Amino acid sequence: ATPTALMAGVGRGAQLGILIKGPDALEASRRVDTVVLDKTGTVTTGRMTVTGCHPAPGRSRRDLLWFAGAAESGSEHAIAAAVVTAARAELPELPEISAFTALPGLGAEATVDGYAVLVGSPRLFGERGIMVPEFDDLVDETHAAGAVPVLVAVDGEAAGLLEVRDVVKPSAAAAVAALRAQGLRTVLLTGDHEVAARTVAAEIGVDDVRAEVLPADKAREIEALQATGARVAMVGDGINDGPALATADLGMVMAHGSDIALRSADLVLVRDDLRVVPDAIRLADRTLRIIR
Ligand code: ADP
Ligand code: MG
């Protein structure tokens with residue numbers, strides 16, 4: 001490889017908004033045939049908002065927001081931020097919490113004013129054996145709309161459901177179309193529910209979806225693709241994405257990403273526009289063709 005051509009590639013990358021972290025990144029980019037996209041924060045803006053509030057019978061809206069907002073104030077998840085914002089908008093003060101535990105890919109739990117509060121996915125509630133038959137239909141409708149149903153329980157009893165919604169980035173569909181036009185297979189990877197994931201997948205036009213993947217299993221999904229002979233690029237942003245980014249042949253991280261994700265990636269995408277993903281792969285191809 002001639003240093004001049006590589007330097008030119010790095011310079012061109014910088015213009016496009018792509019920081020190339022090591023000399024091997026361009027080589028890896030060129031051979032990629034599959035691009036895995038993390039959903040939350042990568043394909044979507046990750047700026048979630050609470051768009052529905054459904055207290056259980058006997059509970060008020062304020063009750064629900066009070067418990068959920070307090071419990072989620074211990075979490076760094078984008079969903080938690082949305083819940084806390086919604087609660088603070090309607091309540092003057094949220095109580096102190098103790099015994100907060102994050103449940104990665106599932107939700108969170110905390111003690112709020114002496115009550116045990118559980119907040120998270122229907123899967124989490126299933127695992128804990130908390131039945132919420134009165135919310136089954138609403139859970140299905142929320143998933144079908146591509147939104148996230150956040151269930152809330154107080155002392156093991158359902159207190160309500162919050163509907164949380166995220167927005168697909170305007171650049172996502174164009175980026176996927178460009179990747180497919182380059183002959184690359186595209187896969188959406190998410191911890192989110194299958195139905196919600198499929199709604200987003202259809203909106204952006206990816207070839208395949210891997211949903212309900214727990215954070216610890218994301219790297220294993222990459223390995224499974226590699227085991228079929230695929231050369232995999234992974235695009236992510238979250239703390240959860242670090243191992244998957246490191247496992248992928250090429251890891252790309254959005255610049256707003258977590259420290260762990262930033263450290264694990266080969267390329268940093270400075271612009272919050274997913275069209276830099278096909279740009280990056282094209283750039284590698286061109287640069288290396290000049291070198292050879
Ligand atoms: P993604 O892979 O899309 O970035 P995560 O793996 O972080 O998503 O989370 C998967 C699912 O777990 C979410 O869709 C949500 O249902 C649930 N979840 C995770 N953390 C929280 C939380 N703090 N509050 C409520 N729900 C949560
Ligand atoms: Mg994410």
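1. The C-alpha centres of domain 1 and domain 2 lie 31 Å apart. These two units come from the domain assignment of the protein, which gives domain 1 as 3-45 + 168-291 and domain 2 as 49-165. The model is a predicted one, and the points below should be read in that light.

2. On confidence, the protein has a mean pLDDT of 92, with 99% of its residues at 70 or more. For the complex, the predictor reports an ipTM of 0.94 together with a pTM of 0.82.

3. The two domains touch. On the side of domain 1, twelve residues are in contact with eight residues of domain 2. Helix H3 (39-43) and helix H9 (194-204) each contribute at least two residues to that side of domain 1. H9 provides the largest share of it, with four residues. By character, the residues of domain 1 that touch domain 2 comprise five nonpolar, six polar and one charged.

4. One open sheet of the model has six strands, in the order E3-E8-E7-E6-E5-E4, and its pairing is antiparallel. Strand E3 (49-55) and strand E4 (97-103) stand at its edges; each has a single partner strand, so one side of each has no neighbour in the sheet. From one strand to the next, the twist averages 20 degrees.

5. At the E4 edge, E4 pairs with strand E5 (residues 107-112) in the antiparallel sense, over five bridges. Within this pairing, Thr101 is placed opposite Glu109 of E5. Helix H4 (residues 61-72) packs on the sheet, where H4 touches E3, E4, E5, strand E6 (115-120), strand E7 (148-154) and strand E8 (157-165). The direction of H4 makes about 105 degrees with that of E5.

6. Another open sheet is built from seven strands in the order E1-E13-E12-E11-E2-E9-E10, and here the pairing is mixed. Its edge strands are strand E1 (18-20) and strand E10 (208-210), each of which pairs on one side only. With direction ignored, neighbouring strands of this sheet are turned against each other by 20 degrees on average.

7. At the E1 edge, E1 and strand E13 (residues 267-269) are joined by three bridges in the antiparallel sense. Ile18 has Leu269 of E13 as its bridge partner. Helix H10 (residues 218-227) packs on this sheet and touches strand E2 (34-38), strand E9 (185-189), E10 and strand E11 (232-236). Between the direction of H10 and that of E11 the angle is about 155 degrees.

8. Does the span of helix H1 (residues 3-16) agree or disagree with its length in residues? At 1.5 Å a residue, the 14 residues of H1 should span 20 Å, and the C-alpha atoms at its ends are 20 Å apart, so the two agree. Just after H1 comes Gly17, which takes a positive phi of about 95 degrees.

Terms used. Residues numbered from 1 in each chain as written. Chains lettered and ligands numbered in written order. Predicted model: local features only at pLDDT ≥ 70, side-chain atom pairs only at ≥ 80, totals over all residues. pLDDT = per-residue confidence, 0-100. Expected span 1.5 Å × (residues − 1). Pairing = 2+ DSSP bridges. Axes fitted to C-alpha atoms, helices over the stretch in contact; angles between N-to-C directions. Contact = placed C-beta atoms within 7 Å. Domains from an automatic or database assignment. Nonpolar A, V, L, I, M, F, W, Y, C, P; charged D, E, K, R; others polar.
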